[in-house]
Amino acid sequence: MEYLDRDSAPLTESEWNKIDAAVVASARTSLIGRRILNLEGPLGAGTYSLPYSVYSAKPEVAIDMNGEGENNIIEAASRKLASLPLIYADFKLSWRDIETDRKSGLALDVSASAIAAGAVAAQEDDLIFNGNKALGLEGLMNVSGRNTIKLTKWEDVGAGLADVVRAVNTLATAAHFGPYALVTSPSLYGKLVRVYASTGLLELEQIKTIVTGGVYYSNALQGDKAILLETGAQNSSLAIGQDFTTGYLGAEKMNHLFRVLETITLLVRRPQAICTLE
């Protein structure tokens, strides 16, 4: 990966390893989209776009004794081309800080790299869930062809569970039978952390018995919003060109600039496997 120019940075191999570990750890703690989507790649940092198929018809099968019945052939309704944008955040290490840490026998302070990685991770989730209008990219929450249901007031005990059941029924009617994953806004998630009726169980735990693919909250969803989707690469996935990494940008007034970056895109092959609660 010569384009990262890491050999030009005034860092030892162990110092680079510390930065890499901090970047991965910081990103991993906040990424939600990757927990519900299958990953494809890495395809390479030079990958600008990726073709993929989109399916719209409800699959049908035939059942008879001789195989001569009529049934719909499962085939792509269209082919699309998804671009892989570059997500990045830059940070600076002072040459004096590097020298001080070395002479003091301290480990290199990599806080700036962790902060940059957290910012990139937040942008990744925003792209996955909300898309990017300027780049012409749709997200899980606004992709064309998805199912939608109206969100009720989750302040009422049991309302959240009832809405999730309605969303499950909506997907099942469209022949998407699970497993399902649920992602809510932080405010909605908090309303599920309460005892449901006289069961002695949290409403959240009741939902988890239905949503076996995981229940999460993401800061990419603000206000009263949630999304239920059937997991599986046949439905949606995250294509990775260059996964999280750090490159060296060069020296500026003796201090050193670095960049945390990645290239990714969301592929929604079956939008009808998604139900947003809005």
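This briefing introduces one helix, one sheet and the helix that lies across that sheet. The model you are looking at is predicted. A good place to start is helix α1, residues 13–30, and from there you can move on to an open sheet of five strands.

**Helix α1**

- Helix α1 has 18 residues, and at 1.5 Å a residue it should span 26 Å; its end C-alpha atoms are 27 Å apart, which agrees.
- Look for the buried residues of α1: Glu-15, Trp-16, Ile-19, Ala-22, Val-23, Ser-26 and Ala-27.
- These buried residues sit on the same side of α1, because they cover an arc of only 125° around the axis.
- Turn to the other side of α1 and you will find Glu-13, Ser-14, Arg-28 and Thr-29, which are exposed.
- As for neighbours, the buried residues of α1 pack against two helices, α3 (95–104) and α4 (111–130), and against the strands β4 (86–93), β9 (236–252) and β10 (255–268).

**The five-stranded sheet**

- The strands of this open sheet follow the order β5-β11-β8-β6-β7, and their pairing is mixed.
- At the edges stand β5 (147–149) and β7 (215–217); each has a single partner strand, so one side of each is left without a neighbour in the sheet.
- From one strand to the next, the twist averages 20°.
- To see one pairing in detail, follow β6 (residues 180–184), which pairs with β7 in the parallel sense over three bridges.
- Leu-182 has Val-215 in β7 as its bridge partner.

**A helix across the sheet**

- Helix α5 (residues 159–173) lies across four strands: β5, β6, β8 (226–230) and β11 (274–277).
- Relative to β11, helix α5 runs at about 150°.

Terms used: Residues numbered from 1 in each chain as written. Predicted model: local features only at pLDDT ≥ 70, side-chain atom pairs only at ≥ 80, totals over all residues. Heavy atoms only, no water. Expected span 1.5 Å × (residues − 1). Buried < 20%, exposed > 50% of the residue type's maximum accessible area, 1.4 Å probe, protein only. Arc of directions from axis to C-beta. Contact = heavy atoms within 4.5 Å. Pairing = 2+ DSSP bridges. Axes fitted to C-alpha atoms, helices over the stretch in contact; angles between N-to-C directions.
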